[in-house]
Amino acid sequence: MKHADARTARVLLRWTDHELEITVTDDGHGHEERDPGWRRGGDGLVGIRERAAACGGTAETGPLPDGGFRVFARLPYAEAVAA
């Protein structure tokens, strides 16, 4: 919402047997439309991918075909071990 000028955002969490899937979508137009040089600073989307990779997961980001933006991450988790 901060960078996209979105009115709404949706967060979807899905657990599988081995990972958590996180999908965040919004209806914004994206920061790049206001400032083509926005990718120069900070670690926003790159940081999301780096943090997911540090956990053994993946993250994908990009605009949606009908407008808006999507961030999708898969984060693996280990099964709990009974003591």
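These legends describe close-up views of a predicted model. Local features need pLDDT of at least 70 and side-chain atom pairs count only at pLDDT 80 or more, while totals for chains, interfaces and linings use all residues. Residues are numbered from 1 along each chain as its sequence is written, and side-chain values use heavy atoms, with hydrogens and water left out.

**View 1. The overall fold runs β-β-α-β-β from the N terminus.**
The protein has 1 helix and 4 strands. Helices (H or I, at least four residues) and strands (E, at least two) are DSSP runs, numbered from the N terminus. Of the 83 residues, 24% count as buried. Buried means under 20% relative accessible area, exposed over 50%, and partly exposed in between (1.4 Å probe, protein chains only). About 6300 Å² is exposed, with carbon and sulfur atoms supplying 55% of it. Areas come from the Shrake-Rupley method with a 1.4 Å probe; for residues, only the protein chains shown count as cover. Among contacts with a separation of 6 or more, 45% link residues 24 or more positions apart. A contact means heavy atoms within 4.5 Å.

**View 2. Four strands build an open antiparallel sheet.**
The strand order is 1-2-4-3. Strand 1 and strand 3 are the edges, each with a single partner strand, so one side of each has no neighbour in the sheet. Neighbouring strands are turned by 10° against each other on average, direction ignored. Two strands pair if DSSP finds at least two bridges between them. Strand 2 and strand 4 pair over 8 bridges, in the antiparallel sense.

**View 3. Strand 3 and strand 4 form a hairpin, with helix 1 lying across both strands.**
Strand 3 (residues 58-63) and strand 4 (residues 69-76) run antiparallel, joined by 6 bridges. G62 stands opposite R70 in strand 4. The hairpin has 5 residues between its strands, and G67 takes a positive phi near 105°. Helix 1 (residues 44-54) runs at about 155° to strand 3. Axes are lines fitted to C-alpha atoms, for helices over the stretch in contact; angles run from 0 to 180 degrees between N-to-C directions.

**View 4. L20 is a buried residue of strand 2.**
Strand 2 covers residues 19-26. L20 has a relative accessible area of 18%. Opposite L20 stands L75 in strand 4. Not counting residues up to four places away in sequence, L20 touches L13, R14, W15, A73, R74, L75 and Y77. The C-alpha atoms of L20 and Y77 are separated by 7.3 Å, although the two residues lie 57 residues apart along the chain.

**View 5. E21, also in strand 2, is buried.**
E21 counts as buried because its relative accessibility is 11%. Neighbours within four places in sequence aside, E21 is in contact with L12, L13, R14, T16, F72, A73 and R74. A59 is 38 residues from E21 in sequence and 9.6 Å away in space, C-alpha to C-alpha.

**View 6. V11, L13, W15 and Y77 form a nonpolar surface patch.**
Together these residues have about 440 Å² of accessible area. Patches are made of residues with over 30% relative accessible area and no salt bridge; like charges are joined within 9 Å, nonpolar side chains (Val, Leu, Ile, Met, Phe, Trp, Tyr) within 5 Å. A salt bridge is a side-chain nitrogen of Lys or Arg within 4 Å of a carboxyl oxygen of Asp or Glu. W15 lies in strand 1 (residues 9-15). W15 is exposed, at 58% relative accessible area.
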